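Please work through the exercises below with the sequence and the structure open beside you. Each one sets a task and then solves it step by step.

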Amino acid sequence: MQPEAKKTAITFHAKDDHPEIREKVFELMQSFDIKVLIAIRSKADMAESAKANFKSLGTKLQQNTIYDDLITRVFKNLLHKADVINIAIARRGKAVREEALEQAINQAQKNFESQWKISSNSSIIIEPTYPSEVTGLQVIDYYLWAVQRCYEGDDDQFFLPLAKKYRLIMDLNDNRNKLYGEWYGDRNPLTLEKLKGARSK
């Protein structure tokens, strides 16, 4: 809790916060009026695909390419719902990459219009920032951590109390049933049982 530790005193972060603090934050989050959308990629599965692409095409898969694609997928069906949309995106390292983020958001708009034949004239404001400066980024970190625990720790104790807050979880590399991945939500709730076998490695 000391500022010099550069942890909770500066920003809430589920992985680093003391268990008692984490418990209080999760308890508070149950009262939030919020809907969460998440897109997930498997590093192991993507590594295999990247190796194959490099061998056949000689091109490397870049982290920013993956990140921008996830942004496009998450925002695809959201950018027509208000006249003005403010998007706070966590800065990754020292790079701001505003132009690339704008391109990812613009692509999301194009994909929505192409699929639904509905154009959007929303004014979109993108703000790359640090979690310590925007409460929403600290909140979504907790929601992401709860899902990560399900996938990597076989632990749903943090996820279950918040399960109804997740509007959509797109697992893009779980192709067991559909080529485009497995989508979890109200109609198909995420459970530990369903995740068994979702990852080959």
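## Exercise 1: Two loop residues with positive phi

Lys117 counts as exposed, at 67% relative accessibility. The model in view is a predicted one, and the values in these exercises should be read with that in mind.

Task: Find where Lys117 and Asp154 sit, and describe the sign of phi for Lys117 and for Asp154.

Solution. Step 1: Begin with the place of Lys117, which is in the loop between helix H4 (98-116) and strand E3 (123-129). Step 2: The phi angle of Lys117 is near 60 degrees, which is a positive value in a residue other than glycine. Step 3: Turn to Asp154, which is found in the loop between H5 and E4, and whose phi, near 50 degrees, is likewise positive in a residue that is not glycine. Step 4: With a relative accessible area of 54%, Asp154 is exposed, because the cut-off for that word is over 50%.

## Exercise 2: The nonpolar cores

Task: Work out which elements build the largest nonpolar core, and which residues touch the most other members.

Solution. Step 1: The largest nonpolar core has 23 residues, and those that touch the most other members are Phe26, Met29, Tyr143, Val147, Phe159, Tyr166 and Ile169. Step 2: Two or more residues of this core come from each of helix H1 (19-29), strand E1 (36-40), helix H5 (135-153), strand E4 (166-171) and helix H6 (192-195). Step 3: Helix H5 gives the largest share of this core, seven residues. Step 4: Follow Phe159 as an example, leaving out residues up to four places away in sequence; Phe159 then touches Ala146, Val147, Cys150, Tyr166, Ile169 and Leu190. Step 5: Another core, of 17 residues, lies apart from this one, and its members include Ile89, Ile126, Met170 and Leu172.

## Exercise 3: Salt bridges

Task: Describe three of the eight salt bridges that a search of the whole structure finds, and state how exposed their partners are.

Solution. Step 1: As background, side chains of opposite charge can pair when their charged atoms come close. Step 2: Lys15 forms a salt bridge with Asp16, with 3.0 Å between the closest N and O atoms; Lys15 is exposed at a relative accessible area of 55%, whereas Asp16, at 31%, is partly exposed. Step 3: Arg73 and Asp69 meet in a salt bridge of 2.8 Å from N to O, and both lie in helix H3, four residues apart, about one turn of the helix. Step 4: Arg73 is partly exposed, at 36%, and Asp69 is partly exposed as well, at 27%. Step 5: In the salt bridge of Lys178 with Glu182, the closest N and O atoms are 3.7 Å apart; Lys178 is partly exposed at 33% relative accessibility, while Glu182 is buried at 8%, because the word buried applies under 20%. Step 6: Arg41, Asp69 and Arg73 are joined into one network by salt bridges that share partners.

## Exercise 4: A pocket and a cavity

Task: Set out what lines the second largest pocket and what lines the largest cavity.

Solution. Step 1: The second largest pocket has a volume of about 510 Å³, and of its 22 lining residues, the closest to its centre are Leu37, Asn77, Leu168, Met170 and Trp183. Step 2: Helix H3 (63-75), helix H4 (98-116), E4 and strand E5 (182-184) each supply at least two residues of this lining. Step 3: Sorted by class, the lining of the pocket has 10 nonpolar, six polar and six charged residues. Step 4: The structure holds one cavity of 30 Å³ or more, and the volume of the largest cavity is about 50 Å³. Step 5: Among the residues that line the largest cavity are Asn64, Tyr67, Ile89, Arg91 and Pro128. Step 6: The elements that give two or more residues to the cavity lining are H3 and strand E2 (84-90), and the lining divides into seven nonpolar, one polar and three charged residues.

Note on methods:
Residues numbered from 1 in each chain as written. Predicted model: local features only at pLDDT ≥ 70, side-chain atom pairs only at ≥ 80, totals over all residues. Heavy atoms only, no water. Core = buried A, V, L, I, M, F, W, Y, C linked by side-chain atoms within 4.5 Å. Buried < 20%, exposed > 50% of the residue type's maximum accessible area, 1.4 Å probe, protein only. Contact = heavy atoms within 4.5 Å. 1 Å grid on protein atoms, 1.4 Å probe; cavity = no way out; pocket = protein on both sides within 12 Å on 5 of 7 lines; lining within 4 Å. Points joined across faces, edges and corners; volume = space filled by probe spheres on them. Nonpolar A, V, L, I, M, F, W, Y, C, P; charged D, E, K, R; others polar. Salt bridge = Lys/Arg side-chain N within 4 Å of Asp/Glu carboxyl O.
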